[in-house]
Amino acid sequence: MSSERLGLFAAVLPNCILNILFSLTAVALNSVTIHAIRKTSATRLPRTLRIFLLSLALSDLGVGLIAQPFIVVLHFDWLLEKPYQTTAKDVDAFGIMAGLSIYASMLNVMALTTDRFLGVHLHLRYEEIVTVKRVAVAVAIIWVLSGVLSIAGLWITSLVSYQVYNAALIAPCLLTTALLHCKILAVVRRHGNAIWAQQEIVQNRNSTFTNVQRHKPSIRSTFYVYLVSLLCYLPVACLGALGIKYDTENIGLLILQLYSVTIWFASSCLNPLIFCWNLRQIRRTVLGMLGSIFSRQSTTRGPEVGNY
């Protein structure tokens, strides 16, 4: 085996192993999160928020269940059967499957942030305007739009690079989400620091402040998810902006390209951890599920121990 081939193995094989670990983790964590969100009652977690969280968890599950295994299979195929080159058919299949989950994840983060902004901005009118039916329609539009964008990439990427196409789609989502978080922060600071003179205004402020406090855990979780998405996408964005493509002759650049995509996909593992850690309602449900599993196992093992 030539030194060039050994270099390819050294660059690609560890990345494949890392993608397998991230894939298994994403599937396990998002499956538990989806089950926990479904089991959490509407009194503890608003139905509109549950729909957005379920949609985000499903998109992250798609990354771990479809996108990452496909890229692992593709890389192994490159290593074992042919030179490190993609065929048009491979790129198209990967672009559709990965794009659907990635674009849906980004749009879901933006929609979730928009929902949290409306929660603190509309106050008592929130439940009147943001209904379950409208949220369901919004989520359906997100998934249809993600599918259209991923399929449209088949012919658009023949005109521009895949990195430029992704940047044109994802950058506006990240910028819009950042702007919404700035507005949310401004609302929270305004209601947290304002001092009212008249008693009637103070009571109104207290009502608004209570509303802001109620949304704070979900706002914090949404901000962390956005921050993780931004940090995970930055390596891919930087390499795309520099015009760096797969180059088997330069192992250093090849490693940067491969691992930047892996880091991009890694956000699907971190999102469920963020929500389970910050949202007390989901955390309690997950802990209850784990407790019931362990108690069931201990009950099953009890008679066996007594027989000895």
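Begin by selecting Leu53, Ile170, Phe265 and Ile282 in this predicted model. These four residues belong to the largest nonpolar core, which has 55 residues, and they touch the most other members of that core.

Next, colour the helices that contribute to this core. At least two core residues come from each of helix H1 (3–39), helix H2 (47–81), helix H3 (88–122), helix H5 (132–156), helix H6 (162–193), helix H7 (199–241), helix H8 (251–278) and helix H9 (280–306). Helix H3 deserves a separate colour, as the largest share of the core, ten residues, is drawn from H3.

Now centre the view on isoleucine 170. Which residues does isoleucine 170 touch, not counting residues up to four places away in sequence? They are Ile102, Tyr103, Met106, Tyr233 and Trp264. Apart from the largest core lies another one, of seven residues. To find this other core, select Leu180, Ile184, Val187 and Ile219, which are among its members.

**The aromatic pairs**

The structure holds three aromatic pairs. Select phenylalanine 223 and tyrosine 224 to see one of them: the ring centres are 6.2 Å apart and the planes stand at 50 degrees, so this pair is tilted. Phenylalanine 223 is partly exposed, since its relative accessibility is 35%. Tyrosine 224 also counts as partly exposed, at a relative accessible area of 34%.

Then move to tyrosine 233 and tryptophan 264, whose ring centres lie 5.4 Å apart; their planes are at 55 degrees, so this pair is tilted as well. What does this pair tie together? Tyrosine 233 lies in helix H7 and tryptophan 264 in helix H8, so the pair joins parts that are 31 residues apart in sequence.

Are these two residues buried or exposed? Tyrosine 233 is buried, because its relative accessible area of 4% falls under the 20% limit. Tryptophan 264 is likewise buried, with a relative accessible area of 7%. Add Phe265 to the selection: ring pairs link Tyr233, Trp264 and Phe265 into a cluster. Phe265 has already appeared on this tour, as one of the core residues that touch the most other members.

**Threonine 262**

For the last stop, remain in helix H8 and select threonine 262, which lies in this helix. Threonine 262 is buried, its relative accessible area being 2%. Leaving aside neighbours within four places in sequence, display the residues in contact with threonine 262: Asn15, Leu18, Asn19 and Phe22.

Note on methods
Residues are numbered from 1 along each chain as its sequence is written. This is a predicted model: local features need pLDDT of at least 70, side-chain atom pairs count only at pLDDT 80 or more; totals for chains, interfaces and linings use all residues. Side-chain values use heavy atoms; hydrogens and water are left out. A nonpolar core is a set of buried Ala, Val, Leu, Ile, Met, Phe, Trp, Tyr and Cys residues joined through side-chain atoms within 4.5 Å. Buried means under 20% relative accessible area, exposed over 50%, partly exposed in between (1.4 Å probe, protein chains only). Helices (H or I, at least four residues) and strands (E, at least two) are DSSP runs, numbered from the N terminus. Contact means heavy atoms within 4.5 Å. Rings of Phe, Tyr and Trp (its six-membered ring) pair if their centres lie within 6.5 Å; planes under 30 degrees apart count as stacked, over 60 as edge-to-face and the rest as tilted.
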